[in-house]
Amino acid sequence: QWLPMLDLVLGMSVEPGFGGQSFIGGSVEKVKRLRSMIDGGGFSTLIEIDGGVGPDNAGMLFAAGCDVLVAGNTIFGSDDPTRTIHDLLRA
């Protein structure tokens, strides 16, 4: 089993390569399965998702078991980055 050896698992929710892509919806189910494996084994591994993260899917990702969200374009492309960060955290 490899999970006990990991502090963090980074999942990509877009095709790696460049920013601004659309979120791949199937990523939420992958997070749920990974969270189940982590919790079932009693591990402390964090789940981080990168790609297409925004206010419309942050809540789903947190509910699925994500610990960390990467939302580069959502934040840096916002007219009010501070408010956008707060919106993501409240999702």
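Is Asp-39 buried, exposed or partly exposed? With a relative accessible area of 47%, Asp-39 comes out as partly exposed, because exposed would take a value over 50%. Keep in mind that this is a predicted model. Here's a quick tour of its salt bridges, a buried charge and a nonpolar patch on the surface. The salt bridge count comes to four, and the bullets below walk through some of them.

**The network around Arg-35**

- Asp-39 pairs up with Arg-35 in a salt bridge, and their closest N and O atoms sit 3.2 Å apart.
- Both of these residues, Asp-39 and Arg-35, belong to helix α1, where four residues, or about one turn of the helix, separate them.
- Arg-35 also makes a salt bridge with Asp-67, this time with the closest N and O atoms 2.7 Å apart.
- That second pair reaches across the chain: Arg-35 is in helix α1 while Asp-67 is in the loop between α2 (58-64) and β3 (68-70), so the two tie together parts that are 32 residues apart in sequence.
- As for cover, Arg-35 counts as buried at 15% relative accessibility, whereas Asp-67 is partly exposed with a relative accessible area of 36%.

**A pair in helix α4**

- Asp-87 and Arg-90 form a salt bridge too, and 2.7 Å separates their closest N and O atoms.
- Asp-87 counts as partly exposed at 26% relative accessibility, while Arg-90 counts as exposed at 59%.
- The two are three residues apart in helix α4 (residues 81-90), so about one helical turn lies between Asp-87 and Arg-90.
- Back to the earlier group: Arg-35, Asp-39 and Asp-67 are joined into one network by salt bridges that share partners.

**A buried charge with no partner**

- Glu-48 sits in strand β2, which covers residues 46-50.
- Glu-48 is buried, yet it has no salt bridge.
- The nearest side chain of opposite charge to Glu-48 is that of Arg-35, and it is 11 Å away; a salt bridge would need the nitrogen and oxygen within 4 Å.
- Leaving aside residues up to four places away in sequence, Glu-48 touches Leu-8, Val-9, Leu-10, Gly-11, Val-68 and Val-70.

**A nonpolar patch on the surface**

- Trp-2, Met-5, Leu-6 and Met-37 make a nonpolar surface patch of about 420 Å².
- Met-37, one of the patch residues, is found in helix α1 (residues 27-41).
- At 38% relative accessibility, Met-37 counts as partly exposed.

Notes:
Residues are numbered from 1 along each chain as its sequence is written. This is a predicted model: local features need pLDDT of at least 70, side-chain atom pairs count only at pLDDT 80 or more; totals for chains, interfaces and linings use all residues. Side-chain values use heavy atoms; hydrogens and water are left out. Buried means under 20% relative accessible area, exposed over 50%, partly exposed in between (1.4 Å probe, protein chains only). Lys and Arg count as positive and Asp and Glu as negative; His and the chain ends are not counted. Contact means heavy atoms within 4.5 Å. Patches are made of residues with over 30% relative accessible area and no salt bridge: like charges are joined within 9 Å, nonpolar side chains (Val, Leu, Ile, Met, Phe, Trp, Tyr) within 5 Å. Accessible areas come from the Shrake-Rupley method with a 1.4 Å probe; for residues, only the protein chains shown count as cover.
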